Amino acid sequence: MIRIKAVDAQNILDACELTTNQDPMHTTAGGCPCCNAISIAEASYNSEMHPNVIYSNNVLIGFFMYTRAENQPDTATICRFMVDDRFQQKGLEEKALAHILRGLRIQGVKKVIIIINNANAAAKALSLSLGFHPIDATNKAECRYALEL
């Protein structure tokens, strides 16, 4: 069972230790320009950013953060989504993202945009399988995909 919870004092350190590869130093030092700790720090300065953790059967498996602008409350942008290396390739990515989308729909979101690194073929495939379609490139490294809920 997938469950979403806001990042808080009880889970912040565990959220920061999640990694998408087997070398956590690589993720924070140079392989990923935006590790979870940086995302959480960024959210503390921007009230439109919402960092969350993902649980499966009460085990922390991932992290995601979305933005929701005050002047566009019906649109959410997922700017970070990751499942820890230990839980990848088990179908949890799709279950987690589908659960996130249901939660956003309940909150009144009608359109979801997800930002994906162009090198991440698995994330592209996952998004496309859930009905997202490419809308534009934010820069040479990333592309945005949209889904109407």
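Which residue in S4 is the bridge partner of Thr67? In this predicted model, the partner of Thr67 in S4 is Thr77. The report starts from that pair and then turns to the other strands, the salt bridges and helix H4.

**Strands**

Strand S4 covers residues 75–83 and is joined to S3 by 6 bridges, the two strands running antiparallel. S3 also pairs with strand S2, residues 49–56, again in the antiparallel sense, over 8 bridges. One of the facing pairs here is Ser56 with Val59, the latter lying in S3. S2 and S3 form a hairpin with 2 residues between the strands. Within this hairpin, Asn57 has a positive phi near 50 degrees.

How many of the 9 residues of S3 are buried? Strand S3 spans residues 59–67, and 7 of its 9 residues are buried, so the strand is largely enclosed by the rest of the structure. In a regular strand, side chains alternate between the two faces of the sheet.

**Salt bridges**

The structure contains 2 salt bridges. They are listed below with the N to O distance and the relative accessible area of each partner.

| Acidic residue | Basic residue | N to O distance |
|---|---|---|
| Asp8 (24%, partly exposed) | Lys5 (29%, partly exposed) | 3.1 Å |
| Asp84 (3%, buried) | Arg86 (52%, exposed) | 2.7 Å |

Asp84 counts as buried because its relative accessibility of 3% is under the 20% cut-off. Its partner Arg86 counts as exposed, because a relative accessible area of 52% is over the 50% cut-off. The salt bridge between Asp84 and Arg86 therefore links a buried residue to an exposed one. In the salt bridge between Asp8 and Lys5, Asp8 is partly exposed at 24%, and Lys5 is partly exposed at 29%.

**Helix H4**

Does the end-to-end distance of H4 agree or disagree with the expected span? H4 has 15 residues, 92–106, and at 1.5 Å a residue the helix should span 21 Å. The C-alpha atoms at its ends are 21 Å apart, which agrees with that value.

The buried residues of H4 are Leu92, Glu93, Ala96, Leu97, Ala98, Ile100, Leu101 and Leu104. An α-helix has 3.6 residues a turn, so residues three or four places apart point the same way. Leu97, Ile100, Leu101 and Leu104 are among the buried residues of the helix, and Glu93 also belongs to this buried set. Just after H4, Gly108 takes a positive phi of about 95 degrees.

Note on methods: Residues numbered from 1 in each chain as written. Predicted model: local features only at pLDDT ≥ 70, side-chain atom pairs only at ≥ 80, totals over all residues. Heavy atoms only, no water. Helix = DSSP H or I, 4+ residues; strand = E, 2+ residues; numbered from the N terminus. Expected span 1.5 Å × (residues − 1). Buried < 20%, exposed > 50% of the residue type's maximum accessible area, 1.4 Å probe, protein only. Pairing = 2+ DSSP bridges. Salt bridge = Lys/Arg side-chain N within 4 Å of Asp/Glu carboxyl O.
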